Amino acid sequence: MYMHAFSPTPGTTDTVWLGGREADPALENDIWVWDTSGASVNWALWYSGQPDNGGGPQDHICLWRGEDGLHDLEPFRPGLVLCETSAEDLLC
Ligand SMILES: [Ca+2]
Ligand SMILES: [Ca+2]
């Protein structure tokens, strides 16, 4: 996975949701997985200081405007959604 800071149109959103989450939010044990594959999230992909449960439980993974790493965040914040699919699914 390559990580680049995103720069949406000003006034739109600060957040791009990715398909990842904390495996068991009740445990808060920092085991993070990608929903599609179940693979563990590479710790090198996190933005400095993240994940941090900043301000309360944060159990979903997003990108934040101008920052080139993953953030944990509460899931009710509006944002764009980045989806993944296979080439075979696009050809159907
Ligand atoms: Ca959490
Ligand atoms: Ca956070």
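The exercises below, each with a worked solution, concern a predicted model of a single chain.

**Exercise 1. Establish the order of the elements along the chain, and state how many helices and strands there are.**

Begin with the inventory: the chain contains one helix and five strands. Reading from the N terminus, the elements follow the order β-β-β-β-β-α. As a further step, consider burial and contact range over the whole chain. Of its 92 residues, 16% count as buried, and among contacts between residues at least 6 apart in sequence, 50% join residues at least 24 apart.

**Exercise 2. Work out which strands pair with strand 1, and in which sense, parallel or antiparallel.**

Take the partners of strand 1 (residues 15–22) in turn. With strand 2 the pairing is antiparallel and comprises three bridges; in this pair, Arg 21 stands opposite Val 33 of strand 2. With strand 3 the sense is again antiparallel, over four bridges, and Thr 15 has Trp 64 of strand 3 as its bridge partner. With strand 5 (residues 80–81), by contrast, strand 1 pairs in the parallel sense over two bridges, and here Trp 17 stands opposite Val 81.

**Exercise 3. Describe how strand 3 is joined to strand 4, and find the residue with a positive phi in their hairpin.**

The pairing comes first: strand 3 and strand 4 run antiparallel and are joined by four bridges. One residue pair to locate in the structure is Cys 62 with its bridge partner in strand 4, His 71. Turning to the connection, the hairpin has five residues between the strands, and Gly 66 takes a positive phi near 80 degrees there.

**Exercise 4. Identify the residues of the largest nonpolar core, and determine which strand gives the most to it.**

First list the members, of which there are eight: Leu 18, Trp 32, Val 41, Ile 61, Cys 62, Leu 63, Leu 70 and Leu 73. Next assign them to elements: strand 3 (60–64) and strand 4 (70–73) each supply at least two residues, and strand 3 gives the most, with three. Then check the burial of strand 3, which is mostly covered, four of its five residues being buried. The grouping accords with a wider tendency, in that nonpolar side chains in soluble globular proteins tend to be buried together.

**Exercise 5. Locate Glu 28 and Asn 53, and explain why each counts as partly exposed.**

Start from the backbone. Most residues other than glycine have a negative phi, and most peptide bonds are trans. Glu 28, although not a glycine, has a positive phi of about 50 degrees, and its place is in the loop between strand 1 and strand 2. Asn 53, likewise not a glycine, has a positive phi of about 50 degrees and lies in the loop between strand 2 and strand 3.

For the exposure class, the cut-offs are needed: a residue is buried at 20 or more C-beta neighbours within 10 Å, exposed at 12 or fewer, and partly exposed in between. Glu 28 counts as partly exposed because it has 13 such neighbours inside 10 Å. Asn 53 has 16 C-beta neighbours inside 10 Å and therefore counts as partly exposed.

**Exercise 6. Determine whether the peptide bond from Gln 50 to Pro 51 is cis or trans, and place Pro 51 in the chain.**

Examine omega, which is near -10 degrees for the bond from Gln 50 to Pro 51, a cis peptide bond. Finally, place the residue: Pro 51 is found in the loop between strand 2 (32–34) and strand 3.

Methods
Residues numbered from 1 in each chain as written. Chains lettered and ligands numbered in written order. Predicted model: local features only at pLDDT ≥ 70, side-chain atom pairs only at ≥ 80, totals over all residues. Core = buried A, V, L, I, M, F, W, Y, C linked by C-beta atoms within 7 Å. Pairing = 2+ DSSP bridges. Contact = placed C-beta atoms within 7 Å.
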